[in-house]
Structure formats: structure tokens, C-alpha cells
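Work through the exercises below with the sequence and the model open. Each task is followed by a solution in steps.

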Amino acid sequence: MSDCLFCKIAAGEIPADIVYQDDVCLAFRDIHPAAPQHLLLIPRRHLATMNDLDDAALAGHLLTVVPRLARQLGIADGGYRTVVNCNADAGQEVFHLHVHLLGGRRLSWPPG
Ligand code: AMP
Ligand code: ZN
């Protein structure tokens, strides 16, 4: 999608601190980290929200990349959290599906 920030990052048109990429997805550091480790994992395909996720293979691929990233960051054993904000009530700001991966500190529950 031409007017989407994360599509532009995926296309290399806007710089990002990319820590992982494959044919289907990529992960980069959140520009305003909410934890010592804070990545955003996105599909290359533009999907605006979780409500648009219609591809089981894609969903499965994203989830299986998460533990790989957690090990890469050194937070797999200590623990981490994945978050997908969907639409206004969850505070979604960027309308390209993304999985937050947060770790490196004790995370409180429930979230706000
Ligand atoms: P959400 O509220 O779930 O839509 O989260 C959007 C996230 O994208 C926020 O945590 C922002 O800090 C992050 N973000 C926005 N612009 C950029 C950017 N150019 N590079 C990396 N992260 C970004
Ligand atoms: Zn997009």
C-alpha cells in the first residue's frame, strides 16, 4: 500500500533498525521502545488490522518467528510478551498489522 509507513519500511523506502527478515515478514526495533527489548514484527503483505488476517499460513509463520526473535534478543528464557493492538479501543496507531514483542524487564498485568 503506497501510503503506509510499515509498507515503506518493508520496501526499504524508510529506514528502520531491522533485526530479522524473510520472504514473508520482517522485524525491526520500535522507535519508541516500551521495554528494554521492543520489536515490531510485520507481514510484508499489507493487512490493516488483525481483523483482516485471513491467511492461516501467514499467521502461523508470524507466530513461529516470535520465539526465534526472542532467542535472538536473549529474552526467551526470562520471558516476553506479544501484543497485537486492533483498532481504536486498543490504541492502534499504525494500520499495518504488527506484533509487538516486548521483554527485558518484568511486565505488569493486566495491561492498561
Ligand atoms: P500500535 O499502537 O500498536 O499501532 O503501535 C505502533 C508502534 O509503531 C508504536 O509503538 C510506535 O512507537 C511504532 N512506530 C511508529 N513509527 C515507527 C517507525 N518509523 N519505526 C519504528 N517504529 C515505529
Ligand atoms: Zn502497509
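**Exercise 1: two salt bridges**

Arg-45 counts as partly exposed, at 40% relative accessibility; here buried means under 20% relative accessible area, exposed over 50%, and partly exposed in between, with a 1.4 Å probe and protein chains only. The model is predicted, so local features need pLDDT of at least 70 and side-chain atom pairs count only at pLDDT 80 or more, while totals for chains, interfaces and linings use all residues. Residues are numbered from 1 along each chain as its sequence is written, chains are lettered from A and ligands numbered from 1 in the order in which they are written, and side-chain values use heavy atoms, with hydrogens and water left out.

Task: find which side chain meets that of Arg-45 in a salt bridge, then find how many salt bridges the whole structure has.

Solution.
1. A salt bridge requires a side-chain nitrogen of Lys or Arg within 4 Å of a carboxyl oxygen of Asp or Glu.
2. The partner of Arg-45 is Asp-54, at 3.2 Å from N to O. Asp-54 is exposed, with 58% relative accessibility.
3. The search of the whole structure gives two salt bridges. Asp-17 and Arg-29 form one of them, at 3.7 Å from N to O.
4. Asp-17 belongs to the loop between α1 (5-10) and β1, and Arg-29 to strand β2, so this pair ties together parts 12 residues apart in sequence. Helices (H or I, at least four residues) and strands (E, at least two) are DSSP runs, numbered from the N terminus.
5. Both ends are partly exposed: Asp-17 has a relative accessible area of 44%, and Arg-29 one of 31%.

**Exercise 2: the sheet**

Task: give the strand order of the open sheet, and explain why β1 and β4 each have one side without a neighbour.

Solution.
1. The five strands are arranged as β1-β2-β3-β5-β4, with antiparallel pairing. Two strands pair if DSSP finds at least two bridges between them.
2. β1 (18-21) and β4 (80-83) are the edge strands; each has a single partner, so one side of each lacks a neighbour in the sheet.
3. On average, neighbouring strands are turned by 20 degrees against each other, direction ignored. Axes are lines fitted to C-alpha atoms, for helices over the stretch in contact, and angles run from 0 to 180 degrees between N-to-C directions.
4. Helix α2 (residues 56-73) packs on the sheet and touches β1, β2 (25-29), β3, β4 and β5. Contact means heavy atoms within 4.5 Å. The direction of α2 makes about 155 degrees with that of β3.
5. Between β3 (residues 37-43) and β5 (residues 99-103) there are five bridges; Leu-39 has Leu-101 in β5 as its bridge partner.
6. Three bridges join the antiparallel strands β1 and β2, which form a hairpin with three residues between them. Ile-18 is bridged to Phe-28 in β2.

**Exercise 3: the zinc site**

Task: list the donors of the zinc ion (ligand 2) and classify their arrangement.

Solution.
1. Donors are N, O and S atoms within 2.8 Å of the metal (3.2 Å for Na, K and Ca); water is not among the atoms, so sites may look incomplete.
2. Cys-4 (SG), Cys-7 (SG), His-46 (ND1) and His-96 (ND1) coordinate the zinc ion (ligand 2) at 2.0 to 2.3 Å. Their spacing along the chain is C-x2-C-x38-H-x49-H.
3. Four donors count as tetrahedral if all angles lie between 85 and 135 degrees. The angles around the zinc ion (ligand 2) are 106 to 117 degrees, which makes the arrangement tetrahedral.
4. Cys-4 and Cys-7 are both buried.
5. Phe-6, in helix α1, is buried, with a relative accessible area of 5%. Leaving out residues up to four places away in sequence, Phe-6 touches Phe-28, Leu-40, Ile-42, Val-94, His-96 and His-98.

**Exercise 4: backbone exceptions**

Task: find which peptide bond is cis and where Asn-87 lies.

Solution.
1. Most residues other than glycine have a negative phi, and most peptide bonds are trans.
2. The bond from Trp-109 to Pro-110 is cis, with omega near 0 degrees. Pro-110 lies in the segment after β5.
3. Asn-87, in helix α3 (residues 87-90), has a positive phi, near 65 degrees. Asn-87 is partly exposed, at a relative accessible area of 29%.

Key
Four donors count as tetrahedral if all angles lie between 85 and 135 degrees; four count as square planar and six as octahedral if opposite donors are over 155 degrees apart and all others between 65 and 115; anything else is irregular.
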